[in-house]
Amino acid sequence: MIPAAVADPRPHLASPRPESSAAAPSIRPPAITANGITALASLGHLFLGGVALAVSPSIGREEWGWLAPFCLLSIALIAAMLVAMWKSCGTAIVQETAAFLALSTGVYFSFGPLLHVFGPADAIAYSRSWFPIGAEDAVRITGINFVGFAISGLTCASIRLGIISHIAERTARSWARVPPATVFLLFALVGVVTQFLFVLPYDLRLSQAAPSGLLRQAENLGVIAIMVGWASRRNGPRWVDPCAKALLVLEICIGLLQFNKNASLLPVLAAGIGEYLGTRNTRNVLISATLAILLYWFLVPIVTYGRQELSPRSGGEPAPADLMERKDIVMRYFTTRQFRDPADEIPSGWWVRLNYLSPQQAGLEMYERGYGGDDFGRVAWIVVPRFINPDKPEMTVAGVDFNQKVVGFRTTSTGTGVFVDGYYNLGWLGVLITSLTYGLALRVYANIARPVLQAGAFIMYPLVFKGVHVALRADGWWLADVAGPVVFVVVAMIGLGVVSRR
């Protein structure tokens, strides 16, 4: 007699029908996970990066054709990764921060450099005029970027950090009780008030009081309010929809008058993510992406014109100017269009601004000549609030300092990208540190996003949006765009957890 309580330890398989001689149905292998997809794409880039570094010394200075296969293969790998990620995760792709890092890498470090191969001659000449670079340098830099992306991706895919998931899940369940309309109103008020009272006066150079990191994060709540509003505008009170649209227009206009492309594009990104979370409609994602691309194309010449109008007034730095003065500059752009920058007369000027090879080459040479960055020396200051030590060094001026070091002016912030920023600060050891910590930060964000989105904890959406934003900042600076934000997010999540328990 066979005991009924003993279960068959083998996986349950459907038995073939005894009356049929047909073969048993085949068993579909388990679908590859998002982490597996990330790991495969990362390994592919590790191979490409290694080959690029190996062959770069033997490439002639004008043999730019060598750059194309590395960039095109990278684009193909990233496209395949994103398609596979979408099929694997579907609507949950928002929580997979590695996908956004891959997208950012593809735009800035794979597509952007192709300007030197397929772009028009005048755009190529202008790009190389900022800092001289040869084909062998370009392939070497591409290898560094690919290796950095590979290390970040493998780190994000292999590390679990279960404690972060546990804290986030417990906290999200508690805060999910707060209605989205309440969250929208709170975030909008705090964000707009903080922006106009504390942050804008400093950014417009009307005040010398630098806002603390906490105030900077509070300002960003206005953008998060847009995401919350667009995610709930169909199911919430009627006033949420028009208020969310008005806030979106306001934030885009403020970013435009700051002559800051990112400040204008972030609200559009927030609205697109919110619309996606609220409807789960892929068409809306494509519409939002198209609008963001068109807005970027529209903003580039205006932003450059505005910066050029302000910089001569104060010897190379942007002159103080309130919003009304900046509005007049924007109106003059539409009436005169007298550009000071030759890039604005180039049809492919937008492509020039997606290409970071010249600044990256400058960063490598600066380090190798002994004039590298000092961001690693300021890491400890991340955990020190400015109100405790008003003499805390400015944490977001690396790009301005770098621009002054290379061309002698502080008119704008020029980036090298997170991975080359590591080399600029500490050579190959710096590349390893920035890549590992970038991947670690993305894993933290992913572990927070999953339970927050599942529980519908709208008040924790700033932590989700920050993860997407950081993943898209592969072109940024490690200290300001990776190390600083992740510390703030972890502290904020722990704080929300403590409050929810009480």
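Helix 2 and helix 3 are roughly antiparallel to each other, and that is where I will start. Before going on, please keep in mind that this is a predicted model.

The reason for the label is the angle: helix 2, residues 67-89, and helix 3, residues 97-111, pack at about 160°, and anything over 145 degrees counts as roughly antiparallel. Their axes are 10 Å apart. The crossing of helix 2 and helix 3 is left-handed. On the helix 2 side, the contact is made by Cys71, Ser74, Ile75, Ile78, Met81, Leu82 and Met85. On the helix 3 side, the residues are Ala98, Ala99, Ala102, Leu103, Thr105, Gly106, Phe109, Ser110 and Phe111. By class, the contact of helix 2 with helix 3 comes to 12 nonpolar residues, four polar and no charged.

Helix 3 also packs against helix 6, residues 135-158. The angle between helix 3 and helix 6 is about 175°, and the axes are 11 Å apart. That pair is therefore roughly antiparallel too. Helix 3 contributes Thr97, Ala98, Leu101, Ala102, Thr105, Phe109 and Ser110. Helix 6 contributes Thr142, Asn145, Phe146, Phe149, Ser152 and Cys156. What classes do the residues in the contact of helix 3 with helix 6 fall into? Seven are nonpolar, six are polar and none is charged.

If you put the two lists side by side, Ala98, Ala102, Thr105, Phe109 and Ser110 of helix 3 appear in the contact with helix 2 and again in the contact with helix 6.

The third pair is helix 12 and helix 13, the latter being residues 282-310. They pack at an angle of about 175°, with axes 10 Å apart, and are therefore roughly antiparallel. From helix 12, the contact takes in Lys261, Ser264, Leu265, Val268, Gly272, Glu275, Tyr276 and Thr279. From helix 13, it takes in Asn284, Val285, Ser288, Ala292, Leu295, Tyr296, Leu299, Val300 and Val303. The contact of helix 12 with helix 13 has 10 nonpolar residues, five polar and two charged.

Now to single residues, beginning with two in loops.

Phe259 sits in the loop between helix 11, residues 240-257, and helix 12, residues 261-279. Its phi is near 55°, which is a positive value in a residue other than glycine. Is Phe259 buried or exposed? Its relative accessibility is 2%, so Phe259 counts as buried.

Arg205 is in the loop between helix 8, residues 180-203, and helix 9, residues 213-219. Arg205 also has a positive phi without being glycine, with a value near 65°. At 34% relative accessibility, Arg205 counts as partly exposed.

Back in helix 11, there is Pro242. Pro242 has a relative accessibility of 46% and so counts as partly exposed. Its C-alpha atom is 10.0 Å from that of Trp230, a residue 12 places away along the chain.

Next, three buried residues in helices.

Ser127 is in helix 5, residues 121-130. Why does Ser127 count as buried? Because its relative accessibility is 5%, and the cut-off for buried is under 20%. The Ser127 side chain makes a polar contact with the side chain of Asn355, at 2.7 Å. Setting aside residues up to four places away in sequence, Ser127 touches Leu115, His116, Val352, Asn355 and Ser358. Asn355 is thus on the list of residues touched as well as being the polar partner.

Gln361 is in helix 16, residues 357-368. At 4% relative accessibility, Gln361 counts as buried. The side chain of Gln361 makes a polar contact with the side chain of Glu365, at 2.8 Å. Beyond its neighbours within four places in sequence, Gln361 is in contact with Phe131, Pro132, Ile133, Asp137 and Ile141.

Last is Leu479, in helix 20, residues 478-501. Leu479 has 2% relative accessibility and counts as buried. Which residues does Leu479 touch, not counting those up to four places away in sequence? They are Asp375, Arg378, Val379, Ile382, Met395, Asp421, Gly484 and Pro485. As for Val400, which is 79 residues from Leu479 along the chain, the two C-alpha atoms are separated by 14 Å.

That is what I have for today.

Key
Residues are numbered from 1 along each chain as its sequence is written. This is a predicted model: local features need pLDDT of at least 70, side-chain atom pairs count only at pLDDT 80 or more; totals for chains, interfaces and linings use all residues. Side-chain values use heavy atoms; hydrogens and water are left out. Helices (H or I, at least four residues) and strands (E, at least two) are DSSP runs, numbered from the N terminus. Buried means under 20% relative accessible area, exposed over 50%, partly exposed in between (1.4 Å probe, protein chains only). A polar contact is a pair of N or O atoms within 3.5 Å; within protein, one must be able to donate a hydrogen and the other to accept it, and residues adjacent in sequence count only if both atoms are side-chain atoms. Contact means heavy atoms within 4.5 Å. Axes are lines fitted to C-alpha atoms, for helices over the stretch in contact, and angles run from 0 to 180 degrees between N-to-C directions. Angles under 35 degrees count as roughly parallel, over 145 as roughly antiparallel, 65 to 115 as roughly perpendicular and the rest as oblique. A crossing is left-handed if the near helix is turned anticlockwise from the far one by less than a right angle, and right-handed if clockwise. Ala, Val, Leu, Ile, Met, Phe, Trp, Tyr, Cys and Pro count as nonpolar, Asp, Glu, Lys and Arg as charged, and the others, Gly among them, as polar.
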